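User: Please take a close look at one part of this model and explain, step by step, how it is arranged. A connected account suited to a first-year student would be appreciated.

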Amino acid sequence: MKVLSLIPPMTQLNTPYPSTAYLTGFLRSRSIDAVQEDLALALVLGFFTAKGLQEIHTEALKLPEERRSSSVNFFLDYFSDYQGTIDLVIRFLQGRDSTLSHRINSRTFLPEGPRFASLEAYDEEEAGDSLSWAFGALGSQDRARHLATLYLNDLSDVLRDAIDDRFEFVRYAESLASSQPTFTPLAQALVVEPTLMDLHLQRLTHAAMEKHQPSLVLLSVPFPGAVYAALRIAQTIKEKYPDVKIGLGGGYVNTELRELKDPRIFDFVDYITLDSGERPLLCLIEYLSGKRSFDRLVRTFTRNDANQVQYINWPELDIPFEDVGTATWDGLPLDSYLSLLDMLNPMHRLWSDGRWNKLTVAHGCYWKKCSFCDVSLDYISRYETASASLLVDRIESIVSETGQTGFHFVDEAAPPKILKALAQELIRRKVMISWWGNIRFEKTFTPELCELLAQSGCIAMSGGLEVASDRLLDLMKKGVSVEQVAQVTKGFSDAGILVHAYLMYGFPTQTVQETVDALEYVRQLFENGCIQSGFFHRFTCTVHSPVGQDPQAYGITLVNLPEITFAKNDIAFFDPTGVDHDALGVGLKKAIYNFMHGIGFDQQTHTWFEMPGIPKSSISRNKIAKILGYV
């Protein structure tokens with residue numbers, strides 16, 4: 001049996017989403033013929049060619065003038081310039097033509113559409129030339145990649161406005177799938193006449209099927225923004241290759257489809273598996289090969305003869321983390337990914353800049369107490385580790401295969417004990433890599449450990465400061481305090497490791513005063529060099545989190561959900577504080593955007609919010625400096 005794993009649009013463009021690499025490596029370790037393709041990258045690259053832009057141009061001209069956005073109008077006005085530069089720009093962003101940076105930096109080579117207005121968004125009196133601040137006099141490659149990224153963002157807006165209003169670079173038709181109680185919105189979208197984007201995806205699907213001739217196709221769907229395209233792929237396969245079986249899995253499925261009852265999705269796929277895919281897939285392949293009975297499938301949804309959803313879960317242990325094999329990127333076009341630079345901040349850029357080998361240090365989370373997190377689900381709750389020696393074996397194998405030494409450890413929270421052992425093993429074996437990952441800012445990360453991690457190749461760390469309020473951190477069972485975060489992050493920064501803080505607003509019972517105070521803490525953390533990057537996320541209550549499962553303990557009341565036969569995850573709630581968190585979010589994001597660019601530290605915190613009656617911060621302006629012993 002041959003198994004083809006597909007990455008559907010839309011996911012990352014700078015590096016492959018790792019799920020197919022994990023599954024392909026595992027299946028090959030079990031002597032199963034497994035291959036993979038990234039249709040997300042292929043779809044974007046198919047449009048960003050001279051021929052692809054001609055197709056977009058043809059569609060854009062069909063729009064009535066009154067319906068054309070500024071992006072579309074600019075594209076039509078400067079079409080010949082776009083068509084003449086697109087192939088060169090893509091080669092440059094793929095690292096194939098570095099000398100083009102000089103032409104791009106001239107600011108006369110690329111057409112500069114609406115997205116380039118962001119270059120003028122800085123306060124010139126405070127920041128001067130924003131590009132000079134970010135890159136200095138010699139950063140020509142980075143400067144050019146930022147300009148080229150703005151150029152692609154303009155074209156992305158044209159794709160959205162002229163071809164398919166559901167398109168974005170990292171998501172496609174997200175609203176059709178996210179927490180949708182029924183399959184109806186997706187079902188309706190999948191029967192309408194395909195857009196130009198859908199037609200491109202159909203051609204890519206046919207090409208992949210003809211190339212590999214698989215018996216089983218696996219669609220890995222990590223996010224709601226990949227569901228629609230995944231089902232378009234499945235629809236295409238069903239129409240032309242009806243004997244091929246299709247399996248659906250991934251983060252979205254594991255989170256939102258656990259109570260699936262709507263059988264219509266099985267018009268497109270044959271099997272849907274939950275949680276870590278290794279054991280369910282082995283059992284499915286054995287069943288399809290006639291080596292296992294149907295009733296011994298594991299964590300698998302399918303449709304029975306009565307047109308009802310059936311869930312089969314034969315009790316069988318998962319594959320131990322140490323036995324899942326080594327991920328492989330064989331078959332993926334590693335030299336074709338786009339190294340984008342959409343954010344000038346040197347830490348923030350890591351998510352879109354560079355092709356990182358993604359690896360997991362441990363399965364699950366060793367803490368698994370945070371009340372906002374889906375701690376009841378397998379990807380958090382089942383914690384397993386591997387030895388440092390085995391992890392370095394995997395690292396060496398991946399470097400040998402890909403020729404690239406950059407690693408992103410994608411754990412929910414990498415355990416400090418394992419990271420220390422891993423660092424020591426990397427140093428002992430003289431394995432030279434650059435790596436970054438996600439952690440909890442806990443006191444175990446001493447300055448000495450930070451130095452060790454830096455010596456082993458650690459370049460950056462991200463972690464959750466969340467609400468930056470000791471009362472709320474305690475309520476959400478984060479297990480850290482603002483003081484502790486300040487000391488730990490400063491230890492990383494002093495070791496030369498960049499730090500990104502995940503931040504949250506709108507947590508149950510969070511007051512306006514606490515939001516203003518949290519922003520003041522964040523301002524001081526930036527100002528004192530503790531963190532270099534951050535992002536404010538709006539709190540969302542999910543049915544799998546402690547907040548969603550025991551709302552009374554957090555002082556809120558959940559909104560009654562409708563009858564659900566499809567996706568279930570986000571759930572609205574009533575907060576007695578009545579705070580307009582969405583309005584506050586505008587000021588939070590504006591402030592942190594400025595902080596990440598090194599400006600705005602002198603501004604009083606409450607003035608970032610354009611709402612009346614915002615209180616001043618109750619936190620002294622040198623609170624973090626005192627914690628760090630500076631004053």
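Analyst:
**The parallel sheet**

In this part, 6 strands form an open sheet with parallel pairing, and their order is 10-13-14-15-16-17. Helices (H or I, at least four residues) and strands (E, at least two) are runs assigned by DSSP and numbered from the N terminus; two strands pair if DSSP finds at least two bridges between them. The model is a predicted one, in which local features need pLDDT of at least 70, side-chain atom pairs count only at pLDDT 80 or more, and totals for chains, interfaces and linings use all residues. Residues are numbered from 1 along each chain as its sequence is written, and side-chain values use heavy atoms, with hydrogens and water left out.

The edges of the sheet are strand 10 (357-359) and strand 17 (533-538); each has a single partner strand, so one side of each is left without a neighbour in the sheet. On average, neighbouring strands are turned by 20° against each other, direction ignored. Such angles lie between N-to-C directions and run from 0 to 180 degrees, with axes that are lines fitted to C-alpha atoms, for helices over the stretch in contact.

At the edge formed by strand 17, the pairing with strand 16 (residues 498-505) is parallel and extends over 6 bridges. Within this pair, Ala-501 stands opposite Gly-534 of strand 17. Helix 21 (residues 512-527) lies across strand 15 (458-466), strand 16 and strand 17, and runs at about 165° to strand 17. Contact here means heavy atoms within 4.5 Å.

A second sheet provides a useful reference. Its 7 strands also form an open sheet, in the order 2-1-5-6-7-8-9, but the pairing is mixed. Its edges are strand 2 (33-38) and strand 9 (309-312), each with a single partner strand, so one side of each has no neighbour in the sheet. The average turn between neighbouring strands in this sheet is 25°, direction ignored. Here strand 6 (residues 245-249) and strand 7 (residues 271-273) pair in the parallel sense over 2 bridges, and Gly-247 has Tyr-271 of strand 7 as its bridge partner.

Finally, confidence must be considered. The mean pLDDT (the predictor's confidence in each residue, from 0 to 100) of the chain is 94, and 97% of its residues reach 70 or more. Over residues 122-128, however, pLDDT stays under 50. Where pLDDT is low, the predicted coordinates should not be read in detail.
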